[in-house]
Amino acid sequence: MDRKCIVIGAGDLTVGEIPGWEEAFCIAVDGGLGYCGVLGIEPDLILGDFDSVSEGEARAVVQLEQEIPHRVIRLPVEKDDTDMLAALKEGLGRGYRDFRIYGGTGGRLDHTLANIQCLLYLKKQGAVGYLVDGSGMIMVLLDEAVHFQKGLRGYLSLFSLVEESRGVCIDGMKYPLQDAVIHNSFPIGISNEFTGDEAVVSVEQGALVCMVLYEG
């Protein structure tokens, strides 16, 4: 399936618009429904336990459950999956493999960390996900390489999600790295810089959180 799945969470939303949502499958997760109203987005699916919505949004959800029940999934408050993970599983079950997550960072740090773990979950399901905000994005590399186009300016930071990630290489950036081992107890990968050249980051064995902050 070529279409993307756009997921809108209840974290900090730092964009004024979400390009391409009309062509994507759009899921509003719990309090992310409020952002949809602000941005003029009509989600294809609304999902959550709705513990972080306003009273007005809660009434709207109840009305939608009555009018278009196939577009609302109400989750129990007590559960193992976070609302975000449940939304991603729903997208995977519908055949989507490319996820763009907005409103997935900021706010509570534990929610941000949980959403980073969700990116690793997607990778292990053969999918890819990005936590997107107005100035950058977060992705996970799992035994793979990622290419960044020429002309980028800003910073890139790498952190190992596992005890150690092996065979880490960085080419085309200010601080290159070859066949390195990055541990999860030492932040050596922080604040590398794009130079305008094409850049490649790779890991042979392990899982890396890749955080990109763009400038200009």
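# Report on a predicted structure: salt bridges, a four-stranded sheet and nonpolar cores

Glu90 is partly exposed, at a relative accessible area of 24%. The model in which this residue is described is a predicted one. The side chain of Glu90 forms a salt bridge with that of Arg94, at 3.0 Å from N to O. Arg94 is likewise partly exposed, and its relative accessible area is 35%.

## Salt bridges

Side chains of opposite charge can pair when their charged atoms come close. In this structure there are 11 salt bridges. The table lists three of them, with the N to O distance in each case.

| Basic residue | Acidic residue | Distance, N to O |
|---|---|---|
| Lys79 | Asp49 | 2.8 Å |
| Arg94 | Glu90 | 3.0 Å |
| Arg100 | Asp98 | 2.8 Å |

The partners in the pair of Arg100 and Asp98 fall into separate classes of accessibility. Arg100 has a relative accessible area of 24% and is partly exposed. Asp98 has a relative accessibility of 19%, and because the limit for a buried residue is under 20%, Asp98 counts as buried.

Another salt bridge joins the side chains of Lys79 and Asp49, at 2.8 Å from N to O. Lys79 belongs to the loop between strand E4 (72–74) and helix H3 (83–93), while Asp49 belongs to the loop between strand E3 (45–48) and helix H2 (55–67); the pair therefore ties together parts that lie 30 residues apart in sequence. Is each partner buried or partly exposed? Lys79 is partly exposed, with a relative accessible area of 27%, whereas Asp49 is buried, at 10%.

The arrangement around Arg100 and Asp98, whose side chains meet at 2.8 Å, is one part of the picture. Elsewhere, Asp49, Lys79 and Asp83 are joined into one network by salt bridges that share partners.

## The four-stranded sheet

Four strands form an open sheet in the order E8-E13-E10-E11, and their pairing is antiparallel. Strands E8 and E11 (177–183) are the edge strands, since each of them pairs on one side only. On average, neighbouring strands of this sheet are turned by 20 degrees against each other, with direction ignored.

Strand E13 (residues 199–202) has pairing partners that can be described in turn. With strand E8 (residues 145–148), E13 pairs in the antiparallel sense over four bridges. Within this pairing, Phe148 stands opposite Ala199 of E13, and Ala145 has Ser202 of E13 as its bridge partner. With strand E10 (residues 164–171), E13 pairs in the antiparallel sense over three bridges. Here Asp171 has Val200 of E13 as its bridge partner.

Which residues of E13 point one way, and which the other? Ala199 and Val201 point one way from the strand, Val200 and Ser202 point the other way, and all of them are buried.

## Nonpolar cores

The largest nonpolar core has 40 residues, and among these Phe148 and Leu156 touch the most other members. Phe148 has already appeared in the sheet, where it stands opposite Ala199 in E13. Apart from neighbours within four places in sequence, Leu156 is in contact with several residues, among them Phe148, Met173, Ile190, Phe194 and Met211. The contacts of Leu156 also include Val201, one of the buried residues of strand E13. A second core, separate from this one, has 28 residues, including Cys5, Ala86, Leu131 and Ala207.

Methods
Residues are numbered from 1 along each chain as its sequence is written. This is a predicted model: local features need pLDDT of at least 70, side-chain atom pairs count only at pLDDT 80 or more; totals for chains, interfaces and linings use all residues. Side-chain values use heavy atoms; hydrogens and water are left out. Buried means under 20% relative accessible area, exposed over 50%, partly exposed in between (1.4 Å probe, protein chains only). Helices (H or I, at least four residues) and strands (E, at least two) are DSSP runs, numbered from the N terminus. Two strands pair if DSSP finds at least two bridges between them. Axes are lines fitted to C-alpha atoms, for helices over the stretch in contact, and angles run from 0 to 180 degrees between N-to-C directions. A nonpolar core is a set of buried Ala, Val, Leu, Ile, Met, Phe, Trp, Tyr and Cys residues joined through side-chain atoms within 4.5 Å. Contact means heavy atoms within 4.5 Å.
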